Amino acid sequence: MEVKIKKRKAKVTQADCVACGSCVKVCPKGAIRVYKGLYARVDEDLCIGCGRCAAECPAAIIEMEEVAS
Ligand code: SF4
Ligand code: SF4
């Protein structure tokens, strides 16, 4: 039987992002970028789920989602 390990990934509510770039600065993996100067986007393949971006976001619009890997 395959064992599934739960991981966390960051998810941005893009409509509410003010594109401040704070999340980009604190991400240790370079997994989050401000796209077209409008909103932040997370590369799920790079995200390790550390939660730093969520803690830093002044708009509190980054949620950590549980995902099965
Ligand atoms: S949870 Fe960590 S690795 Fe993932 S985007 Fe946020 S700061 Fe980067
Ligand atoms: S810290 Fe929050 S508001 Fe600022 S760019 Fe990142 S997701 Fe958007």
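**Exercise 1. Which residues is Ser22 in contact with, leaving aside its neighbours within four places in sequence?** Work this out in the predicted model, and then describe the setting of Ser22.

*Solution.* Begin with the position along the chain: Ser22 belongs to helix H1, which covers residues 22-26. Next, look for contacts beyond the neighbours within four places in sequence, and Glu56, Cys57 and Pro58 are found. The C-alpha atoms give a matching distance, since those of Ser22 and Glu56 are separated by 6.4 Å, although the two residues stand 34 residues apart along the chain. Finally, count the surroundings: Ser22 has 20 other C-beta atoms within 10 Å and is therefore buried, the cut-off for that class being 20 or more.

**Exercise 2. Describe the overall layout of the chain.**

*Solution.* First take the secondary structure, which consists of two helices and four strands, arranged along the sequence in the pattern β-α-β-β-α-β. Then consider the extent of the chain, whose C-alpha atoms fill a box of roughly 45 × 20 × 20 Å along the principal axes. Of the 69 residues in the chain, 17% are buried. As a last step, turn to the contacts with a separation of 6 or more, of which 59% join residues 24 or more positions apart.

**Exercise 3. Which residues are closest to ligand 1, and which are closest to ligand 2?** Compare the make-up of the two shells as well.

*Solution.* Start with ligand 1, which is surrounded by 14 residues, the closest being Ala10, Cys27, Cys47, Cys50 and Cys53. Sorted by class, this shell holds ten nonpolar, two polar and two charged residues. Go on to ligand 2, where 15 residues form the surroundings and the closest are Cys17, Cys20, Cys23, Ala40 and Cys57. Here the division is into twelve nonpolar, two polar and one charged.

**Exercise 4. Which residues make up the largest nonpolar core?** Follow one of its members, Cys47, to its contacts.

*Solution.* The largest nonpolar core has eleven residues in all, namely Ala10, Val12, Cys23, Cys27, Ala31, Ile32, Ala40, Cys47, Cys53, Cys57 and Ile62. As background, nonpolar side chains in soluble globular proteins tend to be buried together. Now follow Cys47: once its neighbours within four places in sequence are left aside, Cys47 is in contact with Lys9, Ala10, Lys29, Ala31 and Val42.

Lys29 can be examined from its own side, too. This residue is placed in the loop between H1 and E2, and its contacts, not counting residues up to four places away in sequence, are Leu46, Cys47 and Ile48. The C-alpha atoms of Lys29 and Ile48 are separated by 7.6 Å, with their positions 19 residues apart along the chain. Because Lys29 has 13 C-beta neighbours inside 10 Å, it counts as partly exposed.

**Exercise 5. In what sense do E2 and E3 pair, and over how many bridges?** Then examine the turn between them.

*Solution.* E2 and E3 pair in the antiparallel sense, and the pairing runs over four bridges; one of the bridge partners in E3 is Val42, which is matched with Ile32. The strand E2, residues 32-35, includes Tyr35, and Tyr35 is partly exposed because 13 other C-beta atoms lie within 10 Å. Three residues lie between the strands of this hairpin, where Lys36 takes a positive phi near 55°. Lys36 is not a glycine, and the loop that holds Lys36 leads to strand E3, residues 39-42. Most residues other than glycine have a negative phi. Lys36 is exposed, because only 8 other C-beta atoms lie within 10 Å.

**Exercise 6. Compare Ala60 and Ile61, which share a loop.**

*Solution.* Ala60 is found in the loop between helix H2 (52-56) and strand E4 (62-68), and Ile61 lies in the loop between H2 and E4 as well. Ala60 has a positive phi, near 50°, and with 11 C-beta neighbours inside 10 Å this residue counts as exposed. Ile61, by contrast, has 18 such neighbours inside 10 Å and so counts as partly exposed. Its contacts, apart from neighbours within four places in sequence, are Val12, Thr13, Asp16 and Cys17. The C-alpha atoms of Ile61 and Lys11 are separated by 8.2 Å, although these residues are 50 residues apart along the chain.

Terms used:
Residues are numbered from 1 along each chain as its sequence is written. Chains are lettered from A and ligands numbered from 1 in the order in which they are written. This is a predicted model: local features need pLDDT of at least 70, side-chain atom pairs count only at pLDDT 80 or more; totals for chains, interfaces and linings use all residues. A residue is near a molecule or strand if its C-beta atom, placed from the backbone, lies within 6 Å of it. Ala, Val, Leu, Ile, Met, Phe, Trp, Tyr, Cys and Pro count as nonpolar, Asp, Glu, Lys and Arg as charged, and the others, Gly among them, as polar. A nonpolar core is a set of buried Ala, Val, Leu, Ile, Met, Phe, Trp, Tyr and Cys residues joined through C-beta atoms within 7 Å. A residue is buried if 20 or more other C-beta atoms lie within 10 Å of its own, exposed if 12 or fewer, and partly exposed in between; C-beta atoms are placed from the backbone. Two residues are in contact if their C-beta atoms, placed from the backbone, lie within 7 Å. Two strands pair if DSSP finds at least two bridges between them.
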